[in-house]
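Please walk through this structure with me, from its open and enclosed spaces to its side-chain contacts.

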Amino acid sequence: MTIDEVEVKKRRMQAVALLRPLYIPSFPSRPHFYCLPKRTNLPASCSSHRTESPVKAADSTIPRSEEYRYQFYDDWFLALFRNKMVKEVGWDSEKAGYDGLIEVASRLMLRRTPSDTTDAAVRILRSLFPPFLLHLYKSLVSPIGGGKLAAMMVARVTVITCQWLMGVCKVNSVDLPDGSSWESGVFVERCKYLEESKCVGICVNTCKLPTQTFFKDYMGIPLLMEPNFNDYSCQFKFGVLPPLPEDDGTLKEPCLEACPIASKRRGAASDMVIVRCPKA
C-alpha cells in the first residue's frame with residue numbers, strides 16, 4: 001500500500017468518526033416517591049362548636065405516570081426561591097435543599113394571619129422578577145389577543161421552570177367562561193410542595209392565593225388554581241378568574257390527616273369537632 005493510499009484511508013476513517021452521534025450524558029434523576037397522607041374528617045378551620053363532620057376523603061392509590069428528571073438549572077431555581085423566602089421570613093433552616101425550603105415555608109406562616117402570609121408570599125414572588133419586566137409584560141403582552149397569548153406563554157414557562165418545585169406537570173387545554181378553550185392550563189400530576197408540607201393552610205396561603213394574586217395584579221393574567229387534596233394534583237387555569245373567597249371550595253377543605261398540627265389537635269379535641277386549622 002502506497003503512502004497516498006494510507007493517507008486516503010486515514011482521512012476516510014476520520015470522516016466516519018465525525019459522523020458518529022455525540023454522547024451526551026443525562027442528568028441523574030431525582031425521584032421523589034412519597035407516601036400519600038390520608039385525609040382526616042377534620043375540616044379546615046378551628047372552632048369549639050359542634051358541627052356536622054364533612055365526608056372523609058377517599059384514600060388515593062393513583063401512581064405517578066412518570067417521575068421528574070432533574071435538570072441542571074433546578075438547584076439554581078431552588079436556591080434563588082429559598083433565598084428570597086429567607087429574606088422575607090428573617091430565618092433559615094439548618095436543613096439543606098427542599099426539606100429546608102419546606103421548613104422556611106412553615107415559618108413564613110408563624111405568628112402571621114392567613115392574609116398576612118398571603119401578602120408576604122406575593123412579595124416573595126415579586127422579588128423574583130425585575131420590576132420593569134413585570135410592568136412591560138402587563139402593559140405590552142397581556143392585552144394582546146384578549147390575553148390569550150400571555151396566558152399561553154406563562155403556562156409554558158411554568159412547565160419549564162417550576163417542575164423542581166411542583167413535580168411533573170404538563171400544558172393542557174382549559175375552558176373559559178365564554179365557551180372557548182385555550183392551551184393555557186398546567187396540570188400538576190401530584191404536587192411535591194403539598195406532599196412535603198402536608199398542610200392545606202400552607203398550600204392555600206403560601207401558594208394558591210398569592211400565586212393567583214401575583215399573576216392577576218402584577219402580570220395582568222387571571223389565574224385560577226384548583227388543588228385536589230385527594231390525589232395531590234393541581235390544575236392551573238391561566239386566563240380564568242378565581243371565584244370570590246366565600247365561593248371558593250378550596251378554602252373550606254378539611255385538614256390532611258398527616259398534617260402535624262392536625263394530629264396534635266385530634267388528641268386534644270376528642271370530644272369536639274374542630275372546624276378550622278390554625279394555618280388555613
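What follows covers the pocket, the cavity, the aromatic rings and the charged side chains in turn. Keep in mind that this is a predicted model.

Start with the largest pocket. Its volume is about 840 Å³. The lining of this pocket counts 33 residues. Nearest the centre of the pocket lie Leu 125, Leu 128, Phe 129, Thr 161 and Cys 162. Several helices give two or more residues each to this lining: α2 (74-89), α4 (114-127), α5 (131-141), α6 (148-161), α7 (163-166) and α9 (200-218). Which element gives the most? That is α9, with six residues. What is the character of the lining, by class? It has 29 nonpolar residues and four polar ones, and no charged residues.

Next, the enclosed space. A search of the whole structure turns up one cavity of 30 Å³ or more. The volume of the largest cavity is about 90 Å³. The largest cavity is lined by 13 residues, and closest to its centre are Cys 191, Cys 203, Cys 207, Pro 227 and Cys 234. Helices α8 (192-197) and α9 and strands β3 (223-227) and β4 (234-238) each supply at least two of the lining residues. Again α9 gives the most, here with three residues. By class, the cavity lining divides into 11 nonpolar residues, one polar and one charged.

Now the rings. The structure has nine aromatic pairs. Take Trp 76 and Phe 77. Their ring centres are 5.3 Å apart, and their planes stand at 65 degrees. The cut-off for edge-to-face is over 60 degrees, so this pair is edge-to-face. The two residues also differ in class of exposure: Trp 76 is exposed, at 56% relative accessibility, whereas Phe 77 is partly exposed, with a relative accessible area of 22%.

Phe 129 and Phe 214 make another pair. Their centres lie 5.6 Å apart and their planes meet at 25 degrees, so this pair is stacked. The pair links distant parts of the chain. Phe 129 sits in the loop between α4 and α5, and Phe 214 in helix α9, 85 residues apart. Buried or exposed, where does Phe 214 fall? Phe 214 is buried, with a relative accessible area of 2%. Its partner Phe 129 is partly exposed, at 32%. Phe 129 also appears among the residues nearest the centre of the largest pocket. Both rings belong to a wider group: ring pairs link Phe 129, Phe 214, Phe 215, Tyr 218, Phe 236 and Phe 238 into a cluster.

Rings meet charges as well. The charged end of Arg 107 sits over the ring of Trp 91, 3.9 Å from the ring centre. Lys 192 places its charged end over the ring of Tyr 98, 4.0 Å from the centre of that ring.

That leaves charge against charge. Side chains of opposite charge can pair when their charged atoms come close. The structure holds seven salt bridges. In one of them, Asp 92 meets Arg 82, at 2.9 Å from N to O. Asp 92 lies in the loop between α2 and α3 (97-108) and Arg 82 in helix α2, so the bridge ties together parts that are 10 residues apart in sequence. Arg 82 is buried, with a relative accessible area of 9%. Asp 92 is partly exposed, at 38%.

Another salt bridge joins Glu 88 and Arg 112, at 3.8 Å from N to O. This pair links distant parts of the chain: Glu 88 is in helix α2, and Arg 112 is in the loop between α3 and α4, 24 residues apart. Glu 88 is partly exposed, with a relative accessible area of 22%. Arg 112 is partly exposed too, at 25%.

Lys 95 and Glu 103 also meet in a salt bridge, at 3.1 Å from N to O. Lys 95 counts as partly exposed at 44% relative accessibility, and Glu 103 is partly exposed at 29%. Which residues are joined into one network by salt bridges that share partners? They are Glu 88, Arg 112 and Arg 123.

Methods: Residues numbered from 1 in each chain as written. Predicted model: local features only at pLDDT ≥ 70, side-chain atom pairs only at ≥ 80, totals over all residues. Heavy atoms only, no water. 1 Å grid on protein atoms, 1.4 Å probe; cavity = no way out; pocket = protein on both sides within 12 Å on 5 of 7 lines; lining within 4 Å. Points joined across faces, edges and corners; volume = space filled by probe spheres on them. Helix = DSSP H or I, 4+ residues; strand = E, 2+ residues; numbered from the N terminus. Nonpolar A, V, L, I, M, F, W, Y, C, P; charged D, E, K, R; others polar. Phe/Tyr/Trp six-rings, centres within 6.5 Å; stacked < 30°, edge-to-face > 60°. Buried < 20%, exposed > 50% of the residue type's maximum accessible area, 1.4 Å probe, protein only. Lys NZ or Arg CZ within 6 Å of the ring centre and 35° of its normal. Salt bridge = Lys/Arg side-chain N within 4 Å of Asp/Glu carboxyl O.
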